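Welcome, and please load the structure in your viewer. We will move from one selection to the next, with a short look at what is there each time.

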Amino acid sequence: MGNPNLLGNKCLLDKGDIIGFFASSQTSPGSVLPTLDWAYDIAKKEENVVMSGFQSPLEKEVLEILLQGSCGIIMVLNRSIYRKVPERFSEAMSKNRLLFISLESPNVILPSKRQAARRNEFIASTVSTLVFSSVAPTSSLYPTLQHYSTIKPIKTF
């Protein structure tokens, strides 16, 4: 893998404690409210930085909460970097709260499972703390949770 493509505030990568967030696409009802409460708490603090793919439904909900707050957000795409930043991200970009990262070449526009797995490994290996929501043993995120639970601090919902 070559160097990742970056768009936005690269200084967010220099923050000490970056939180990686993963949520399974199959959401457990009991994990939703605690996850959203966590997101509201994290979003309030400027010193927090959350890195995720923000692709599953719950990850997208968390992203919307974070965008309303003041924390830093690092969005790792499993496609090429944006040529034009979508309007919904403009406020966070203008406040230097947002960084997009792509591990893919400029001609990759459709996401794939292989790219998602590579993105998830990048996130898990880059951050200092991991948060998992709704990860059951049948989830594709479960091996990541198992592997990193012996290496990094982990919170689960």
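A residue is called buried when its relative accessible area is under 20%, exposed when it is over 50%, and partly exposed in between (1.4 Å probe, protein chains only). Helices (H or I, at least four residues) and strands (E, at least two) are DSSP runs, numbered from the N terminus. What you see is a predicted model, in which local features need pLDDT of at least 70 and side-chain atom pairs count only at pLDDT 80 or more, while totals for chains, interfaces and linings use all residues. Residue numbers start from 1 along each chain as its sequence is written, and side-chain values use heavy atoms, leaving out hydrogens and water.

**Stop 1: strand S6**

Select residues 129-133, which make up strand S6. How many residues of S6 are buried? The count is 5 of the 5, so S6 is largely enclosed by the rest of the structure. Now look at its two faces: Thr129, Val131 and Ser133 lie on one side, Leu130 and Phe132 on the other, and all are buried. A general pattern helps here: in a regular strand the side chains alternate between the two faces of the sheet.

**Stop 2: the neighbours of S6**

Add strand S2 (18-23) and strand S7 (154-156) to your selection. Two strands count as paired if DSSP finds at least two bridges between them. S2 and S6 run parallel and are joined by 5 bridges; look for Phe21 opposite Val131 in S6. S6 also pairs with S7, again in the parallel sense, over 3 bridges, and there Phe132 stands opposite Thr156 in S7.

**Stop 3: the whole sheet**

Now show every strand. The 7 strands form an open sheet with mixed pairing, in the order S1-S5-S4-S3-S2-S6-S7. At the edges are strand S1 (5-8) and S7, each of which pairs on one side only. Neighbouring strands are turned against each other by 20° on average, direction ignored; such angles run from 0 to 180 degrees between N-to-C directions, using axes that are lines fitted to C-alpha atoms (for helices, over the stretch in contact). For an antiparallel pair, go to S1 and strand S5 (residues 98-102), joined by 4 bridges. In this pair, Leu6 stands opposite Ile101 in S5.

**Stop 4: helix H1**

Select residues 29-43, which form helix H1. Its 15 residues reach 22 Å from first C-alpha to last, close to the 21 Å expected at 1.5 Å a residue; the expected span is 1.5 Å times one less than the number of residues. Which residues of H1 are buried? They are Ser31, Thr35, Leu36, Trp38, Ala39, Ile42 and Ala43. Seen down the axis of H1, these buried residues fall within an arc of 160°, so they line one face of the helix; the arc is that of the directions from the helix axis to the C-beta atoms. On the other side of H1, Gly30, Leu33 and Asp37 are exposed.

Contact here means heavy atoms within 4.5 Å. The buried residues of H1 pack against several elements, including strand S3 (49-52) and helix H2 (57-68).

**Stop 5: Ala43 and the cysteines**

Stay in H1 and pick Ala43, which counts as buried at 4% relative accessibility. Leaving aside residues up to four places away in sequence, Ala43 touches Ile65, Leu66, Gly69, Ser70 and Cys71. Follow that last contact to Cys71, which is buried with a relative accessible area of 0%. The closest cysteine sulfur to that of Cys71 is in Cys11, 16 Å away, too far for a bond. A disulfide is a pair of cysteine sulfur atoms within 2.5 Å, and the structure holds 0 disulfides.

**Stop 6: helix H4**

Select residues 113-126 for helix H4. Its 14 residues should span 20 Å at 1.5 Å a residue, and its end C-alpha atoms are 20 Å apart, which agrees. Gln115, Ala116, Arg119, Asn120, Phe122, Ile123 and Ala124 are the buried residues of H4. Among the elements they pack against are strand S4 (72-77), S6 and helix H5 (142-148).

**Last stop: two loop residues**

Find Phe54 in the loop between S3 and H2. Phe54 is buried at 3% relative accessibility, and its phi is near 50°, a positive value in a residue other than glycine. Then move to Asn96, in the loop between helix H3 (90-94) and S5. The phi of Asn96 is near 55°, also a positive value in a residue other than glycine.
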